[in-house]
Amino acid sequence: MTANVYRFPVQVLFGEGCVKELGALLKSFGKHALLVTGAGPTSRSPAVAVLAPLLEENGIALSRFQEVMPDPDMETVERGAALARERGCDFVIGLGGGSPLDAAKIIAALLANEGEPASWEGVGRVPRRCKPLICIPTTAGTGSEVTSVAVIKGGKRGQKMSIVSHNLYPLLAAIDPELTYTMPPGLTASTGMDALTHAVESYVARRAWEPTLALSLRAVQLIYSNLERACADGSDAEARRSMCMGSFLAGMAVTASGLGLAHALSHALGAHSGVAHGTAVAILLPRVMRFNLEACPELYRDIAATMGLDVSGLPARRAAEAAADAVEELVSALPIPSSLKEAGVVETSIETLAAEAFLNTRLRSSNPRDTVLEDLVEVLRAAQ
Ligand SMILES: [Fe+2]
């Protein structure tokens, strides 16, 4: 028998305004920080205005790398690492959504390791611990601030690569719900659906076990009952806080239990069609739930009950179908596309996408139902 493992080395600060409390902690990480942000609005996030004086007060120099585009590629992280080396940065702060946080992880790893990140694809291939890394999310979505995963574009086939290693864990995550108040409704919806997909896929994953099951289920509850509210009113403090907590808990679950078919397919969709990750998983999740439910209907019944659906007395399979229907309804009510067609994916590319996703063995191996290539084609067709 193989032991179950739960490893979680990240110190987490959570709460409104918690970024302002980082000063003394940052001092212990080094004398020169590289701040990694996106090229767009996150580079002007209120957190930047808070961080700059905090660093100065604590005698820490600041260099900024604000060139991370959505779905960052290898060339971008190498440029970030080159800047950090040139300036003598001894730690890295990632600020923003999943893309800047993932880029910050690989930049921090490049500062501590020789060799090409392309050779780190898969599990456990980053040789040495990355440089000290602090992650500050401004979306409630990826949970990247508490995971050991970074997704970077630029594998041998130009695909998205998942690099998973305990050497990529941030030392510190500061999750401040106030930083998410200015997220527009569309981004709130797509990133929130990413978090819900993490919660659902980690709950039914083959490696799920008691601690991750508890985390996943609570995350489903928080996200499902607050996502529409957060989209309708960005300054709804309770909804924003619940979304941040849900995304954080789902991230903790994912890191130990893995993900599933919606993520395998969405990586292929993102790389080939440019559909945003959260939008792709939002479209795919109800279809993947319908495909998977025959492998573990009881687990999907738990999800339905946690969502607050009245499934008492229903056979597990019917309750599981109700969970998938409720997720589909939620997506239709959100300001994001709810089908591949609406997202601009042409039907002719479905076979290519399925073939690409089928190569994603890691995600496929944690999916609760075995798949053959034709299954992936069918799930994509159902999402048309
Ligand atoms: Fe995701």
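These legends walk through several close-up views of a predicted model.

**View 1. Two domains share one chain.** The domain assignment splits the chain into domain 1, covering 11–180, and domain 2, covering 185–382. If you take the centre of each domain over its C-alpha atoms, the two centres lie 26 Å apart. Where the domains meet, 25 residues come from domain 1 and 25 residues from domain 2.

**View 2. The face that domain 1 turns to domain 2.** Let's look at the side of domain 1 that touches domain 2. Strand E5 (122–123) and strand E8 (160–164) each give at least two residues to this side. Sorted by class, the residues here are 7 nonpolar, 14 polar and 4 charged.

**View 3. A sheet of three strands.** Strands E5, E8 and E7 line up in the order E5-E8-E7 to form an open sheet with mixed pairing. E5 and E7 stand at the edges with a single partner strand each, so one side of each has no neighbour in the sheet. Follow the pairing across: E5 and E8 run parallel and are joined by 2 bridges, whereas E7 (residues 149–153) pairs with E8 in the antiparallel sense over 5 bridges.

**View 4. Who stands opposite whom.** Zoom in on Ile-163 of strand E8. Gly-122 stands opposite Ile-163, and Ala-150 stands opposite Ile-163 too. Now move to Lys-160, another residue of E8, which is the bridge partner of Lys-153.

**View 5. Strand E8 and its side chains.** Is E8 buried or exposed? Of its 5 residues, 5 are buried, so the strand is largely enclosed by the rest of the structure. Try sorting these residues by the way they point: Lys-160, Ser-162 and Val-164 point one way from E8, while Met-161 and Ile-163 point the other way. Residues on both faces of the strand are buried, the charged-class Lys-160 among them.

**View 6. Helix H6 and its kink.** Helix H6 runs over residues 210–232, which makes 23 residues. How far apart should its ends be? At 1.5 Å a residue the helix should span 33 Å, and its end C-alpha atoms are 34 Å apart, so the two values agree. As you trace H6, look for a kink of about 45°, centred on Asn-226. Here is a handy rule for reading any view of this kind: an α-helix has 3.6 residues a turn, so residues three or four places apart point the same way.

Conventions. Residues numbered from 1 in each chain as written. Predicted model: local features only at pLDDT ≥ 70, side-chain atom pairs only at ≥ 80, totals over all residues. Domains from an automatic or database assignment. Contact = placed C-beta atoms within 7 Å. Helix = DSSP H or I, 4+ residues; strand = E, 2+ residues; numbered from the N terminus. Expected span 1.5 Å × (residues − 1). Bend = angle between axes of the 7 residues up to and from the residue. Buried ≥ 20, exposed ≤ 12 C-beta atoms within 10 Å, placed from the backbone. Pairing = 2+ DSSP bridges.
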